[in-house]
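Hi everyone, thanks for coming. I'd like to walk you through one structure today, so have a look at the screen and we'll take it piece by piece.

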Amino acid sequence: MPVRVGGGNIGFPLIDRLEELGHRDGAWMVLELSSFQLELADRSPRVAALLNLHPNHLDVHGTFANYRDAKRRVYRFQGPDDAAVFNVDDPASAELWHEACGHRFLFSGLHPVERGAGVEDGWVVWYGEGAPRRVLPLSDIRLPGSHNVANVAAAVTIVRAAGADCDVVAEVVPSFTGVPHRLEWVRTLRGQTWINDSIATAPDRTLAALSAYRGRSIVLLAGGSDKHLPLDELGHGIARDVDHLIVYGEMAAAIEAAVRVAGEAISQTPTIDHVADLAHAVAC
């Protein structure tokens, strides 16, 4: 099952690579599709995966219902021979499982599943085709955070749904250390480790990052533009896990307010600096 090229929403437009894509029989393309791209779609891929569904881009979509409807289009136009993959750990994704009209799979980074990849006894395990099959130990996953265990389970499920053997995932995962801007190690200097997680442009992504480093002394740089997203859970997570918070940009005051409200509720608030922009946040 050769993969000809991957892309879609991760740095370059695929239309610029049409000659490279070609029309070879049996070749697959792996695409990451944004809600903006899906909103325009009237076809769905042979294998579709809804990895999670949390409020995002509400500054454009207006409501969470509109955003959810855009994401649903990834499987909406599938046929009975196609496959759809859903995250059983994410309630908003899991509750859409029944809508898919083809083969349906689940994945979990926490526990076993009925059909798909899950976790059991320290292993990623494939279920639903005879006896459960161990794919790889969790210790082989070099990416930090429980959400990346779920990502590996999703990859196993997608690969199997596409007809390939899950052993190919087991071969790749131990050497995969991540991609730019996603919990990316930058440097360790004077005993301090700098992590670039600038892909985290929504509260759930920031919470996943904080969970990956819970128990360590954390200085968080947080800010950016207003996407009209709820901040209650983010405020609680920052108050619980962060030692020092540096806020900047358009969202600085709103993030600080959410953290202070949450901090009062749990009697634990980080120290906070408020600066103008990211450059000043780094300097601070």
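**Serine 93, a pocket, the cysteines and glutamate 250**

Let me start with the neighbours of serine 93: leaving out residues up to four places away in sequence, this serine touches Leu50, Asn52, Leu53, Phe86 and Asn87. Please keep in mind that this is a predicted model.

Where does serine 93 sit? Serine 93 belongs to helix α5, which covers residues 91-94. Is serine 93 buried or exposed? Its relative accessibility is 0%, so serine 93 counts as buried. Leu50, from that list of neighbours, turns up again in a polar contact: the side chain of serine 93 reaches the backbone oxygen of leucine 50 at 3.0 Å.

Now on to the pocket. I've picked the second largest one, with a volume of about 1,400 Å³. How many residues line the second largest pocket? The lining has 46 residues, and those nearest the centre of the pocket are Ile195, Asp197, Val219, Leu220 and Leu221. If you want to trace the wall on the screen, look for β10 (192-196), β11 (219-223) and β12 (244-248) among the strands, and α8 (203-212), α9 (232-241) and α11 (278-283) among the helices; each of these supplies at least two lining residues. As for chemistry, 28 lining residues are nonpolar, 13 are polar and 5 are charged.

A quick word on cysteines. A disulfide is a covalent bond between the sulfur atoms of two cysteines. With sulfur atoms within 2.5 Å as the cut-off, the count here is 0 disulfides. Two cysteines are worth pointing out on the screen. Cysteine 166 has a relative accessible area of 0%, so this residue is buried. Cysteine 284 has 47% relative accessibility and therefore counts as partly exposed, because exposed requires over 50%.

Last stop: glutamate 250. You'll find this residue in the loop between β12 and α10, the helix at 252-266. Glutamate 250 has 58% relative accessibility and so counts as exposed. What does glutamate 250 touch? Beyond residues up to four places away in sequence, glutamate 250 touches Gly224, Ser225 and Asp226. With aspartate 226 there is also a polar contact: a polar atom of the glutamate 250 side chain lies 3.4 Å from the backbone nitrogen of aspartate 226. And for a sense of scale, proline 174 is 76 residues from glutamate 250 along the chain, and their C-alpha atoms are separated by 39 Å.

That's my tour, and I'm happy to take questions.

Conventions
Residues numbered from 1 in each chain as written. Predicted model: local features only at pLDDT ≥ 70, side-chain atom pairs only at ≥ 80, totals over all residues. Heavy atoms only, no water. Helix = DSSP H or I, 4+ residues; strand = E, 2+ residues; numbered from the N terminus. Buried < 20%, exposed > 50% of the residue type's maximum accessible area, 1.4 Å probe, protein only. Polar contact = N/O pair within 3.5 Å; in protein donor to acceptor, adjacent residues only side chain to side chain. Contact = heavy atoms within 4.5 Å. 1 Å grid on protein atoms, 1.4 Å probe; cavity = no way out; pocket = protein on both sides within 12 Å on 5 of 7 lines; lining within 4 Å. Points joined across faces, edges and corners; volume = space filled by probe spheres on them. Nonpolar A, V, L, I, M, F, W, Y, C, P; charged D, E, K, R; others polar.
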